Amino acid sequence: MKPSPFEYARPSSLDEALGLLVSSNGNASILAGGQSLMPTLNMRLSSPSLLIDINNLAELDGIKVAGGSLRIGALTRHSSVEGSKEVAQHAPLITMAMPHIAHPAIRNRGTFGGSIALADPAAELPACLCALNADIEIANTNGRRKIAASDFFKDLYETDLADDELLTAVEVPLNAEGYKSAFQELARRHGDYAMTGLAAHAKIEGNIVSDLRLAFFAISGTPVLATKAAAAISGKEVNDEAISIVQKTLEEDLEPFDDLHCSAKTKLIYAKELSSRILKVLIT
Amino acid sequence: MTNHIQINTTVNGENVSRLVEPRTSLVDFVRYELSLTGSHVGCEHGICGACTIKVNGEITRGCLMLAVQADGGTVETIEGLSETGEIADLQDAFLNRNAGQCGACTPGMLLTADALLKTNSSPTRSEIREFLSGNYCRCTGYEAIVDAIEVTATNRRKGS
């Protein structure tokens with residue numbers, strides 16, 4: 001299908017983009033990579049009266065290390081993040097997740113910030129940001145504010161972003177000494193939406209895991225930090241007994257929903273399997 | 001009625017200036033405005049890969065980009081790549097291995113395979129399949145396509 005007609009604006013500054021957002025009273029959509037927006041327009045699931053194309057806002061593009069964190073601009077393409085040495089060094093979890101995000105042609109165009117702002121429950125990056133305890137930077141006409149990733153995702157496709165706000169960057173704490181990350185997802189075809197996925201980050205000393213953050217995705221409306229399961233193994237050695245305690249505790253942390261791919265019951269089984277795999281990867 | 005917007009872009013090496021409606025996708029633009037019908041329209045939501053077009057040197061989904069966004073950019077379609085002869089060996093390999101069949105996916109497959117071979121000169125069969133995972137083919141079962149790409153990679157390494 002073809003989209004409904006809309007007006008198109010291509011602002012050349014962030015202030016101009018924010019001004020357009022304010023004056024559109026919630027009837028505008030931000031066009032960044034367009035890899036999720038365009039399908040909804042083509043299928044007429046949404047019909048904004050104005051598209052604000054932010055692709056000319058060079059200030060939102062790029063990766064840099066500053067002030068103890070890795071800053072990834074909202075407009076940075078997935079393919080740039082995937083190939084970034086800074087990301088591989090300071091936030092290896094994100095590098096691990098990138099190949100799972102759709103397909104090369106989509107990663108060439110899709111943006112890091114777009115994936116966060118959309119908050120698809122099956123998306124990889126929101127879970128990675130929760131696992132890494134990242135901050136999300138948001139701009140509005142009053143200035144900029146920051147919010148922790150785990151507070152940003154509210155519900156299915158719902159975030160803390162107001163209609164007149166724009167996600168500008170993500171700040172990830174630099175990978176600390178002794179910490180390791182692991183990422184796994186189960187999908188029917190490479191690049192498809194995950195049936196269940198898990199992004200993990202923890203301090204590892206020998207076989208002992210601590211400060212563990214297990215962020216599940218494609219489980220329910222938002223990424224879910226399995227705090228009880230993580231606490232159950234914290235400071236302990238990863239072995240079969242500890243893994244089975246984590247798996248049992250996941251039943252308290254997770255409230256899976258049914259989706260197109262599988263039932264809630266299946267998702268819980270997958271989550272348990274992934275937690276076992278991830279913990280073994282973390283200590284190897 | 002929305003305002004039409006003037007765009008200036010380079011398509012297959014030629015300068016193109018047109019007034020376009022903002023909602024026109026890049027693939028519809030090259031097909032209907034420029035009569036370059038080699039880029040196919042399949043699912044129109046980024047799943048099938050039939051509309052693959054190169055923009056500023058990188059493969060993209062022609063259905064997930066607006067024509068107005070190509071303003072000031074460089075666009076290459078299967079017609080352009082065919083004319084320059086740069087993927088002639090890949091096209092020959094597809095023909096020899098009967099990797100085309102109905103042909104709906106073929107232009108997208110060729111552009112995607114070309115992008116793979118530019119970044120990885122000796123991909124394994126599994127890497128080929130992974131890179132092509134965003135391009136649907138409903139005829140070949142993919143075996144013939146993977147074969148053709150593998151043969152092209154081998155021949156290019158031999159310099160033949």
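Guide: Here a residue is buried if 20 or more other C-beta atoms (placed from the backbone) lie within 10 Å of its own, exposed if 12 or fewer, partly exposed in between. This is a predicted model, where local features need pLDDT of at least 70, side-chain atom pairs count only at 80 or more, and totals for chains, interfaces and linings use all residues. Residues are numbered from 1 along each chain as its sequence is written, with chains lettered from A and ligands numbered from 1 in the order written.

Visitor: Which arc holds the buried residues of H3(B)?

Guide: Helix H3 of chain B (a DSSP run of H or I, at least four residues, numbered from the N terminus) spans residues 88-96. Its buried residues are Leu90(B), Gln91(B), Ala93(B) and Phe94(B). Going by directions from the helix axis to the C-beta atoms, they line one face of H3(B), because they fall within an arc of 160°.

Visitor: Which helices do those buried residues pack against?

Guide: Turned away from the buried side, H3(B) carries the exposed residues Ala88(B), Leu95(B) and Asn96(B). The buried residues have packing partners in chain B (contact: C-beta atoms within 7 Å), namely helix H4 (106-119) and helix H6 (143-158).

Visitor: What phi does Asn98(B) take?

Guide: Asn98(B) sits just after H3(B). Its phi is positive, at about 55°.

Visitor: Over in chain A, which helix gives the most to the side of domain 1 that touches domain 2?

Guide: Domain 1 of chain A covers 7-48 and domain 2 covers 61-173, with bounds from an automatic or database assignment. Their C-alpha centres lie 19 Å apart, and the contact takes 12 residues from domain 1 of chain A and 16 residues from domain 2 of chain A. On the domain 1 side, five residues come from the top contributor, helix H1 (residues 14-23) of chain A.

How values were computed: Two residues are in contact if their C-beta atoms, placed from the backbone, lie within 7 Å. Helices (H or I, at least four residues) and strands (E, at least two) are DSSP runs, numbered from the N terminus.
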